[in-house]
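Here is a set of questions and answers to work through with the model open beside you. Take them one at a time and rotate the view as you go.

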Amino acid sequence: MGGSRRGRSRLGRQGACALAALLLWLCLPPLSAQPKPSNKNNQNLAAVCGRSKVTGKIFGGQAAGPERWPWQVSLLYSMQHICGATLISSNWVISAAHCFQRSRSPSDYRILVGYNQLNKPTNFSRQMTVHKVIVHEDYNRKYRFGSDLTLLQLAAPVDFNSHVRPACLPDNSTVLPMNSSCWISGWGMLTEDVFLPAPFQLQEAKVSLIDSDSCSRFFIPPVGTPPEQVVTLQEDMICAGDTWVEKSICRGDSGGPLVCFLKGAWHLVGVTSWSWDCRSPIGPSVFASTTYYANWIKEKQRVNPAPNPSKAPPEEKPPVITNIPIVDAGAVHRPRVFLVLLSSPILLLLILLQSQ
């Protein structure tokens, strides 16, 4: 891509008890420094989801500090990073369907949580095994890139802390104001030709939501394009970007989050799906809409109860990622479009004028 709470006090009934309690309290580390506080599964999901240190290399982006996007996770295939993904509860992760075209076997995948730099795991970093891979049954059937969603059920729950938290999910009635400021993040390429260098630090960029009509004007198929290769913006997709200062998803960011700050918390409103090449002039990025698929997500979670964690495979040591090869499974979809060679500010001005 190319707060923690501190301290607590307790008044003893007697002076000795109070002193002992004070000494014990002073010896305890603050919550933000404890890697594995209990989260009691999902009982407090609404209280912890969407909370981070933020209240923006993805193309044109910047390095993201620790604790900014604690729901961002890495999807490993055969122990190599191929896609991004988002933690949405202690047992569930969501990513893009096109990241799972090589295999749908849970044993082929691992989930890394609590990472900021992929080759420098910390005490908060964990490697999770996958229990189920649930690719949307309509992926790529009704139209190209449609239903580009996959749910992953973890074999054991993760514990929430300041570095590992789920993003909130919108419901199907959530209204997303256009031009809202939202954020994308991931470990993908910096440009179409430049790889993210070690230590593979998470990148972020601030983008705005774009209405479907304006967004569609960026994606015009060349004359003579076969119907099966035509890609269009559909109602299950959401569009975002910043064509003025050029910020976009890039190869390797697939499956990662588009989050917007709604009702006091960060909500996952989109899953990275497809875009133009990440080189100037930059066009919008397109995401699978989690608002559109809110009921599908809830239903899959309902009919797939959490597995018995005592039967989960032994937890594996968080790996040190030494390279990030961009393989086909993790590339952002690239539709064939007619690209007008104008500067991004001019493209944006044309859209604004046509939307009046």
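Q: Are the residues on the two faces of strand 7 buried or exposed?
A: In this predicted model, T150, L152 and L154 sit on one side of strand 7, while L151 and Q153 sit on the other. In a regular strand the side chains alternate between the two faces of the sheet. Five of the five residues of strand 7 are buried, so the rest of the structure largely encloses this strand. For both faces, then, the answer is buried.

Q: Which residue of strand 7 is the bridge partner of W92?
A: Strand 4 and strand 7 pair in the antiparallel sense, over four bridges. Strand 7 is also joined to strand 6, by five bridges and again antiparallel, and there I134 has L151 as its bridge partner. For W92, the partner in strand 7 is Q153.

Q: In what order do the strands of the closed barrel run?
A: Strand 5 is joined by four bridges to strand 2 and by four bridges to strand 6. Strand 6 is joined in turn to strand 7, and strand 7 pairs with strand 4. The barrel has six strands with antiparallel pairing, and its order is 2-3-4-7-6-5.

Q: By how many degrees are neighbouring strands of this sheet turned against each other on average?
A: The sheet in question is the closed barrel of six strands. With direction ignored, the average turn between its neighbouring strands is 40 degrees.

Q: Which residues of strand 5 point the opposite way from Y109, I111 and V113?
A: Strand 5 is mostly covered, with five of its five residues buried. Its bridges give a feel for the layout: Y109 is the partner of Y77, R110 stands opposite T129 in strand 6, and L112 stands opposite Q127 in strand 6. Y109, I111 and V113 point one way, and the residues pointing the other way are R110 and L112.

Q: Which residues have the most contacts inside the largest nonpolar core?
A: In soluble globular proteins, nonpolar side chains tend to be buried together. Here the largest nonpolar core has 56 residues. One of its best-connected members touches, leaving aside neighbours within four places in sequence, V73, S74, L75, V93, R126, Q127, M128, V130, L152 and L154. The residues with the most contacts inside this core are L75 and I111.

Q: Which strand gives the most to the largest nonpolar core?
A: The largest nonpolar core has 56 residues. Strand 2, strand 3, strand 4, strand 5, strand 6, strand 7, strand 12 and helix 4 each supply at least two of them. With five residues, the one giving the most is strand 6.

Q: Which strands do the buried residues of helix 4 pack against?
A: Helix 4 covers residues 294-303, and A294, W296 and I297 are buried in it. An α-helix has 3.6 residues a turn, so residues three or four places apart point the same way. The buried residues of helix 4 pack against strand 4, strand 6 and strand 7.

Q: Why does the aromatic pair of W69 and W266 tie together parts that are distant in sequence, and how many residues apart are they?
A: W69 and W266 form an edge-to-face pair, 5.3 Å centre to centre with 85 degrees between the planes. Both W69 and W266 are buried. W69 lies in the loop between strand 1 and strand 2 and W266 lies in strand 12, so the parts they tie together are apart in sequence by 197 residues.

Q: How many residues apart are F145 and W274?
A: F145 and W274 form a tilted aromatic pair, 5.4 Å centre to centre with 45 degrees between the planes. F145 is buried, with a relative accessible area of 4%, and W274 is buried, with a value of 0%. F145 is in the loop between strand 6 and strand 7 and W274 is in strand 12, so the pair links distant parts of the chain, at a separation of 129 residues.

Q: Over the face of which residue does R68 lie?
A: Ring pairs link W69, W71, W183, F261 and W266 into a cluster. R68 lies at 5.7 Å from a ring centre in this cluster, over the face of W183.

Note on methods: Residues numbered from 1 in each chain as written. Predicted model: local features only at pLDDT ≥ 70, side-chain atom pairs only at ≥ 80, totals over all residues. Heavy atoms only, no water. Buried < 20%, exposed > 50% of the residue type's maximum accessible area, 1.4 Å probe, protein only. Contact = heavy atoms within 4.5 Å. Core = buried A, V, L, I, M, F, W, Y, C linked by side-chain atoms within 4.5 Å. Pairing = 2+ DSSP bridges. Axes fitted to C-alpha atoms, helices over the stretch in contact; angles between N-to-C directions. Phe/Tyr/Trp six-rings, centres within 6.5 Å; stacked < 30°, edge-to-face > 60°. Lys NZ or Arg CZ within 6 Å of the ring centre and 35° of its normal.
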